[in-house]
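Here are my notes on the model you sent over. They run point by point, and each can be checked against the coordinates.

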Amino acid sequence: MCGVVGIVAHSPVNQALYDALIVLQHRGQDAAGIMTINNGMFKLRKANGLVSDVFEQKHMFRLAGNWGIGHVRYPTAGSSTSAEAQPFYTNSPFGISLAHNGNLTNAAELKEKLKNQARRHVNTSSDSELLMNLFAHELCESASWDLKPDDIFNAVTKVNEQAKGAYGVVATVIGHGLVAFRDVNGIRPLVLGERESEQGMEYMVASESVALDAVGFKFVRDIAPGEAVFITESGELFSKQCSPVSELSPCIFEYVYFARPDSEIDGISVYAARVRMGTMLGEKIKREWENVDIDVVIPIPETSCDIALQIAHTLDLPYRQGYVKNRYIGRTFIMPGQQQRRKSVRRKLNAIASEFKGKNVLLVDDSIVRGTTSEQIIEMAREAGAKNVYFASAAPEIRFPNVYGIDMPSSTELIAHGREVEEINDLIKADGLIFQDINDLVTAVKGDDATFENFETSVFTGSYVTGDVTQEYLQHLDQLRNDSAKDKSSQNQTASLDIHNLS
């Protein structure tokens, strides 16, 4: 999962891009980058690290220009090295930079096609660079030097015809403007905002509406599945549906975990969805655990706090903050490598013993992925004196790999894969374990106001909305993306970088 932002304004955008990335930091902690355009030249800064560490004052001064794009990354593929930090850049045609959130499921096929037919070289394992080259090639094929909005839309249409998977894209075409487009299923989110200045209207696109709020843009709408938006460097807005077949199926895990609670995605408040998850799960606990003695409900901070509070309300039980979170430690889910995740749990959380001692505790988390965090948190509760430790997950069992940009690629690393609830319970060493039902989760997220029916729920159901995911592809992805492969790739690239620096 990554975060993207693009702004076209009538004054410098470097600070606004930075501020937007700060509030999108939860979507990626591995690397950050900003590309601006000034006097017909790209200005780029990108590196590994948090936004606040990547951009120093000297970098901000260099990022001049009234339009540009930004990106925060977490590695779903390859390794966590700066070689795959975004935005990417290519000279031809015109000069294009691009940043992307998501994952292409036919990347290998597209890479061969670009190599053999378009004579374009992709230098990294990032499918974002691949997507940029595909867009560049189609723009080169269809456009004259006098680039018109329809040339942009024709190129995006060709991209949509060929690219499979999930993508929310922001790109700049130097001398012309900013392009944003979303995959035909709308799996990854992308929103459009505007604000009025003395010089005229200014526009912004971002992964989440909270980024618009942070820099003073008003939410206009979600970009539709298969739609492209083109904003000229002078501030004219054009949009067009660039796919004859599109069906909104947003990733349900955005609402469970990734998105900030103060965001709204496809007309659904993330906060309200999580409150409803708590109601649904609380009702299930009331039905199925009527004989279980629970003294207190405690969330695993922070995503599950709103869910746990509603569970406590539904069960008429006390709600307590039993864990203190170190806010200077990133989200363990999106850290590259299992070993780093393991080390981070106890640095991230510390138990308040008085809230556990002698009590039957119900711990609530948004989900259980690998089970590493859950096991350690339960152990911490017992060490703090808990009498019994029960565990509730606001999401169903995650049994299948994710192929659309979330780091759940290897089924062997998913604790629920091939296991029943009792077996999972034994592995995390809880006194009881309960999961949300998938139908209840969909009902909770959709609420009463959703204008669409489908969500992307493949990690729970094994059904992939793009219809092109085979067992062979999943096995290939497993080899590329499991933790051991990432660790090996990271070591190899680090060694290569060290040699380069020495020379």
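**Notes on the predicted model**

1. Start with Arg370. Its relative accessibility is 11%, so Arg370 counts as buried, the cut-off being under 20%. Keep in mind that this is a predicted model. Arg370 sits in the loop between β19 (360-365) and α12 (372-383). Where does the side chain of Arg370 reach? The backbone oxygen of Asp407 is its partner, at 3.0 Å.

2. β19 also has a strand partner. β16 and β19 pair in the parallel sense, over four bridges. Within this pairing, Val297 has Leu362 of β19 as its bridge partner. In a regular strand the side chains alternate between the two faces of the sheet. Strand β16 (residues 296-299) is covered on both faces. Val296 and Ile298 are buried on one side, Val297 and Pro299 on the other.

3. Next, the open sheet. Six strands form it, in the order β5-β6-β7-β8-β12-β13, and the pairing is antiparallel. Which strands are at the edges? They are β5 (88-90) and β13 (237-241), each pairing on one side only. Neighbouring strands of this sheet are turned by 20° against each other on average, direction ignored. Helix α6 (residues 149-162) packs on the sheet. α6 touches β7, β8 (177-182), β12 (227-232) and β13. The direction of α6 makes about 150° with that of β12.

4. Inside that sheet, look at β6 (residues 96-104) and β7 (residues 165-173). They run antiparallel and are joined by nine bridges. One place to check the register is Ser97, whose bridge partner in β7 is Thr172.

5. Now the aromatics. The count comes to 15 aromatic pairs. One of them is Phe135 with Phe181, a tilted pair at 6.0 Å centre to centre, with 40° between the planes. This pair links distant parts of the chain. Phe135 is in helix α5 (residues 127-142) and Phe181 in strand β8, 46 residues apart. Are these two rings buried or exposed? Phe135 is buried at 0% relative accessible area, and Phe181 is buried at 0% as well.

6. A second tilted pair is Phe253 with Tyr257, at 6.3 Å centre to centre and 35° between the planes. Both lie in helix α8, four residues apart, about one turn of the helix. Phe253 is buried at 2% relative accessible area, and Tyr257 is buried at 8%. These two belong to one aromatic cluster with Tyr74, Phe258 and Phe460.

7. Helix α14 (residues 438-446) has Asp440, Leu441, Val442, Ala444 and Val445 buried. What covers these residues? The cover includes α8 (253-258), β15 (268-269), α9 (270-288) and α15 (458-461). After α14 comes Gly447, with a positive phi near 65°.

8. Compare Glu472, in helix α16 (residues 471-481). Its relative accessibility is 57%, so Glu472 counts as exposed, the cut-off being over 50%. The C-alpha atoms of Glu472 and Asp440 are separated by 32 Å, with the two positions 32 residues apart along the chain.

9. Last, the cysteines. How many disulfides are there? The count is zero. Cys251 is in no disulfide, and the nearest cysteine sulfur, that of Cys2, is 13 Å away. A disulfide needs the two sulfur atoms within 2.5 Å, so this pair does not qualify. Cys251 is buried, at 2% relative accessible area. Cys305 also counts as buried, at 15% relative accessibility.

Definitions and conventions: Residues are numbered from 1 along each chain as its sequence is written. This is a predicted model: local features need pLDDT of at least 70, side-chain atom pairs count only at pLDDT 80 or more; totals for chains, interfaces and linings use all residues. Side-chain values use heavy atoms; hydrogens and water are left out. Buried means under 20% relative accessible area, exposed over 50%, partly exposed in between (1.4 Å probe, protein chains only). Helices (H or I, at least four residues) and strands (E, at least two) are DSSP runs, numbered from the N terminus. Contact means heavy atoms within 4.5 Å. A polar contact is a pair of N or O atoms within 3.5 Å; within protein, one must be able to donate a hydrogen and the other to accept it, and residues adjacent in sequence count only if both atoms are side-chain atoms. Two strands pair if DSSP finds at least two bridges between them. Axes are lines fitted to C-alpha atoms, for helices over the stretch in contact, and angles run from 0 to 180 degrees between N-to-C directions. Rings of Phe, Tyr and Trp (its six-membered ring) pair if their centres lie within 6.5 Å; planes under 30 degrees apart count as stacked, over 60 as edge-to-face and the rest as tilted.
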